Amino acid sequence: MDYYSTGAVSKKLNITVRTLRYYDQIGLLTPSHKDQSGKRLYNDEDLLTLEKITLLKLLHLPLKDIEKILSKITIEQLLQTHKDSLEKKIADLTSSVKLTNTLMNVLRVEGNLNWEQLIPLVREAQNRGNVEQHWEEYFDEQEKETLKATLPKMEDDGLQVKQWINITRRVEICLEKGIPPESEEGKLIIEDALLLSQQMFAGNDELADKFFEIRKSKEKSRELNLYPVKEEVLAFLEEGMRFLWDRNS
């Protein structure tokens, strides 16, 4: 039977000597023979096992799971466990991305955030309850489906979210400067808001009116897990829309 030294195995399989020693230390692969001086010697079966380990590492399996596979636990079971682990990591990362997007969008709306404001927002986002029952109180199935498909969410990073944020900021600038909604600047803001509203509610004016009435209520907005919009912003939009409708009627 042929035996290979640690150096020879390292060169043959492109595995570092340090890695081979580590595998021996943790019991993942103990060489079949050691001479009187403690020199590690590997046979062909050991080399095959090392190639299996290398293959399984390419699947990003942790060493403890690789050891289980080598201990004859079925590969299918182990791969399923690994797949479940990866899917959970993906879900966790997706959740983290959504939370980060939410906070970034809040920052865009508010203009600035300190730690005292940020910490409650993070806790609220992490501890969201089930709001489905509240949606059922206010909307029928068809309306819910329309809103779920088109309603922009603060956790998203899409164009529509940014457009609504820009409208909100423009209204706030008007309020700061004392510019009324019936002004030319106010008219342009309201027209942009109406265009976005047409997209969001798929041309359903009745649904748009119902949603806006709910949006004006802090309690109902909280129940539906909607980001709170300042009362003065909503009042500006409502007054501007009423002015446009009166002028066009």
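This report describes the nonpolar core, the salt bridges and two surface patches of a predicted model.

**Nonpolar core**

The largest nonpolar core has 16 residues, and those with the most contacts inside it are Val 9, Tyr 42 and Leu 50. Two or more residues of this core are given by each of helix H1 (6-13), helix H2 (17-26), helix H3 (44-58) and helix H4 (63-70), and the largest share, four residues, comes from H3. As a general background, nonpolar side chains tend to be buried together in soluble globular proteins.

Leu 70 has its place in helix H4, and with a relative accessibility of 24% Leu 70 counts as partly exposed, because the buried class is reserved for values under 20%. The C-alpha atom of Leu 70 is separated by 8.4 Å from that of Ile 53, although the two residues are 17 residues apart along the chain.

**Salt bridges**

A search of the whole structure finds 14 salt bridges, and three of them are set out in the table, each with its N to O distance and the relative accessible areas of both partners.

| Pair | N to O distance | Relative accessible areas |
|---|---|---|
| Lys 144 and Glu 136 | 3.6 Å | Lys 144 4%, Glu 136 47% |
| Lys 187 and Glu 191 | 2.9 Å | Lys 187 16%, Glu 191 30% |
| Glu 238 and Lys 216 | 2.7 Å | Glu 238 24%, Lys 216 30% |

In the salt bridge between Lys 144 and Glu 136, Lys 144 is buried, with a relative accessible area of 4%, whereas Glu 136 is partly exposed at 47%. The pair of Lys 187 and Glu 191 likewise joins a buried lysine, Lys 187 at 16%, to a partly exposed glutamate, Glu 191 at 30%. Lys 187 and Glu 191 both belong to helix H10 (residues 184-200), and because they are four residues apart there, about one helical turn separates them.

For the salt bridge between Glu 238 and Lys 216, at 2.7 Å from N to O, the two partners come from separate parts of the chain: Glu 238 lies in helix H13 (residues 231-248) and Lys 216 in the loop between H11 and helix H12 (218-223), so the pair ties together parts that are 22 residues apart in sequence. Glu 238 counts as partly exposed at 24% relative accessibility, and Lys 216 counts as partly exposed at 30%. These two residues also take part in a network of salt bridges that links Glu 213, Lys 216, Glu 238 and Arg 242. In general terms, side chains of opposite charge can pair when their charged atoms come close.

**Surface patches**

A negative surface patch is formed by Asp 140, Asp 205, Glu 206 and Asp 209. Of these residues, Asp 205 is found in helix H11 (residues 205-215), and its relative accessibility of 47% makes Asp 205 partly exposed.

A nonpolar surface patch of about 240 Å² is made by Leu 59, Ile 75 and Leu 79. Leu 59 lies in the loop between H3 and H4, and at 41% relative accessibility Leu 59 counts as partly exposed. H3 and H4, the helices on either side of that loop, are also among the elements that give two or more residues to the largest nonpolar core.

How values were computed:
Residues are numbered from 1 along each chain as its sequence is written. This is a predicted model: local features need pLDDT of at least 70, side-chain atom pairs count only at pLDDT 80 or more; totals for chains, interfaces and linings use all residues. Side-chain values use heavy atoms; hydrogens and water are left out. Patches are made of residues with over 30% relative accessible area and no salt bridge: like charges are joined within 9 Å, nonpolar side chains (Val, Leu, Ile, Met, Phe, Trp, Tyr) within 5 Å. Accessible areas come from the Shrake-Rupley method with a 1.4 Å probe; for residues, only the protein chains shown count as cover. A salt bridge is a side-chain nitrogen of Lys or Arg within 4 Å of a carboxyl oxygen of Asp or Glu. Lys and Arg count as positive and Asp and Glu as negative; His and the chain ends are not counted. The place of a charge is taken as NZ of Lys, CZ of Arg, CG of Asp or CD of Glu. Buried means under 20% relative accessible area, exposed over 50%, partly exposed in between (1.4 Å probe, protein chains only). A nonpolar core is a set of buried Ala, Val, Leu, Ile, Met, Phe, Trp, Tyr and Cys residues joined through side-chain atoms within 4.5 Å.
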